[in-house]
Structures are given as C-alpha cells and as structure tokens.
Amino acid sequence: MESRAQRRLDSITRHLVLPIQSNHVLQKVVLSSNNGELKHEEAEPVVIGGMVLDIHATPSLPANPRTTTPGKVSYVLGGVARNVAECMSKLGAKPFMISALGLDMAGNLLLEHWESAGLPTEGIWKHQNIETAVVCSILDASGELATAVASVESIDKFLRPEWIERFRCNIRSATVVMVDANLNPSALKSSCQLAAESKIPVWFEPVSVEKSRRISSVVKYISFASPNEDELVAMANTLSGGNVFCPIERESSISKCSKEKLFDMLKPAVWVLLENGIKIVIVTLGPDGVFLCSKGGPSLMRVGCEGIKPYNSHGILFKTMTASCPPKPFSSLQDSETSSFLFAVHFPALLASVVRLTGAGDCLVGGTISSLCAGLDIMQSLAVGIAASKAAVESETNVPSTINLAAIADDAKSVYSAAEVVFHQSML
C-alpha cells in the first residue's frame, strides 16, 4: 500500500512542476529529496536568454524604396544567448540553456536543432501561448546589418523569474552563468542573484545600446561584461546617472587612429564599469580588435576569473591552446594592488573572408567562456574567442556548423602573440 509520506511527496511534486504540455520537454530532471528543486545531473555552464529565428534578406542589387529587390532570403538560427551557447558546444562544452519557445514553426526549428546537437532541453519552456522570437534583418552586400525588425516580446513576457528559479540548482552549481540583456529586468536580477548566492561568476552580454542600460540593477553581481563601443558608452552613462560620455564617431579618420588613442577615448567609460564592481570589461571594436580591461595588473586580471570551475570535457581544448598559447608572463610589468590602477591589453582582429557579420560578437563571447571553463586564463580565452569570431563571419550561419579546433588554435596563436598592453597606470 502506498505510504502517507509517498502520497505527500507526490502532492508536493505536482505543485512544483509546470502543467504538462504534450510537447513540453523535460529530460534528466530529478526532484531533490531535501528541498524539492528541479536539478540537472551535472554542473555545466548556464546560458539564460533568447532563442530567436533570424530571417536574413540580402539584396543582390542596390535596393530601391517602395518596391521589391532581387536577392536571397534565408532562415538562420539565432538569438544572442542561443548563439553563445551553440558556439560553446562546438568547442566541447555542454551548456544548459534556459529560454522559452512557442509551438510554432520558428520554435520547432530552434528546438529540433538543439535536440539534434545533443544539448539539454529541459530548461527551454515550450507553450502554445508563446510566439517564438523572430528578427527580420536586411543586410547590405557586404554582410553588414542595414536595418531590422524584431518581434521578441515573448522573451520579456515568458522568460520570467518563476521559470528561471526552477533551475536554481543548475545555476548554483554552474561553471559560469551568462545572461543576455534580452531578459526583462526582473528575470535578469533573479538570474544574477541566484548565481551570486553561490559565488558563481556572471557574464553580462549587453545585446544592444538600449538593452545594455539594464546593467544598472545588476551591476554588483557582474564579473564580466562584453560591450561594443556604443554599448559601453550607454552602460557608463546609465551607471553615472547622466549623459556624461558621448558615443565615439567611427568615421574613417577615427577608425585609423592608433589603438592607444582609441583606448584613450574609451578609457573613462571603461573605468566607470570597473569602479562599479565589474571585474573584467571586454570592449569589442569590430575590425580594430578588442580591448581587455581590468583593475590592477596582469595577476589581478586572473583573480577576476576566480570562481570558474573547469569543465572536465574540455581537455582537448585546454591541451591544444596551452601548447599554442603559453600564459603571458608580462614580466616587465609590476602588479599594483591598489584599486586605482587600470590595466588594458589590445588584441587585434583577424583578417577574414566575410560572408556575414551577425554572429561574430556572440561567437567571441562563446569561445571565450568555453575556454575559461576549460581552465585557460582570460588572455588565452579571449584569443580563442576572437578566432571563433573569425570562423563565424566566414560562415553562412550565425555559428559555424563545425569548428576546426586546429584552425582555431592557429588563429588564436596569431592573435595572442600580437596582443599588446596599451595602458597600465593609475586613474587618480
């Protein structure tokens, strides 16, 4: 006969899980005996944010207004968080994705691809009332974004704290948690707080200038941020409480200025983010490369990565990259223990045969996080991220269907060997 205790446990369980939909996928979920939380079987990087179907339209002729133009239209699997997670998976990680999809064509395409990659799907909420996020982008002949229309309200509406908190065990045992700013403020704060409770590093991906301003309510939880120049300025203005900083004009005369001069223009905004508690700021500059910034000096930059637990399946990535890119000693630099010192390293971009640019930044983040989880330091990891970014821009999809680790290692070595310190001084 069924015991009273068992009946009580069954009753509790029914209240803890969502009403079962015919296509709601929940795999490898167990009920913890001590607190009734949903839990995945093993620790892994956690990625929280949007899964989006991108519709890319590229005209084959200069487009004329108010009429159709011949060209190519393609469906591309996208979403900042989804792209980051897929790139991580191509480099050996097994990210746990927390997102929301509808039961429509777009949702089915996204979920089928995720399942075919062997990635966990229990964190992806599927429901008939959700309209899967779709972005329609018009690209120019060079692959640059000309304009776009985004229908992504479902991420705001359905990716709520209540859903995210069901996977608190995954978050609290994660190697690192990456959040994209598509999350509404309450979901963003809930995700960051859950990670902070267990001292799990959080990576904030700003997504856009407008959404980057959501940093204000969660900045104290953030270890890493990866803005481009415009997002950096918007974040610094938000954290400063006014329009203190102006966007950098990226005209030809400015884009050709030295990396030292470019950093000098961005330095005040970078310092605002660091002063607000972010440990590592990675500023992406498009064809001008990347600035890697932290307080203190080289060793304190490594301290900023503490808390990331290496993920065992990354052994090949770790061995390949440590052979190609041994840690930089920066023996000529003295570490400063004072919080007034700013340390910045410039990493060059790689020459690439550009097909499209839409997945470049996401793959840079995915490659960097995956490498950190493999046990590499932040400088080695960023070199891998830049190499993954090159692979992305040479692909028809946001994330390359396959990533050649040997090619990534060669490209990362090229970037890593060319990295240069551009600033190491007190900001007082």
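**A helix crossing and a four-stranded sheet**

Let's start with two helices: helix 15 (residues 378-393) and helix 16 (residues 405-418) have axes that come within 8 Å and cross at roughly 120 degrees. Keep in mind as you look that this is a predicted model. Angles over 145 degrees count as roughly antiparallel and those from 65 to 115 as roughly perpendicular, with the rest beyond the roughly parallel range being oblique; helix 15 and helix 16 are therefore oblique to each other. Their crossing is right-handed.

Which residues make the contact? From helix 15 come Met379, Gln380, Ala383, Val384, Ile386, Ala387, Ala388, Lys390 and Ala391. Helix 16 answers with Ile408, Asp411, Ala412, Val415 and Tyr416. Sorted by character, the residues where helix 15 meets helix 16 comprise 11 nonpolar, one polar and two charged.

Now let's turn to a sheet. Here four strands form an open sheet in the order 5-4-8-9, and the pairing is mixed. At its edges lie strand 5 (71-78) and strand 9 (145-151), each of which pairs on one side only. On average, neighbouring strands in this sheet are turned by 20 degrees against each other, direction ignored.

To finish, follow one pair of neighbours along the sheet. Strand 8 (residues 133-139) pairs with strand 9 in the antiparallel sense, and six bridges join the two. If you would like a place to find your bearings, pick out valine 134: this residue stands opposite serine 151 in strand 9.

How values were computed
Residues numbered from 1 in each chain as written. Predicted model: local features only at pLDDT ≥ 70, side-chain atom pairs only at ≥ 80, totals over all residues. Heavy atoms only, no water. Axes fitted to C-alpha atoms, helices over the stretch in contact; angles between N-to-C directions. Parallel < 35°, antiparallel > 145°, perpendicular 65-115°, else oblique. Left-handed = near helix turned anticlockwise from the far one by under 90°. Contact = heavy atoms within 4.5 Å. Nonpolar A, V, L, I, M, F, W, Y, C, P; charged D, E, K, R; others polar. Pairing = 2+ DSSP bridges.
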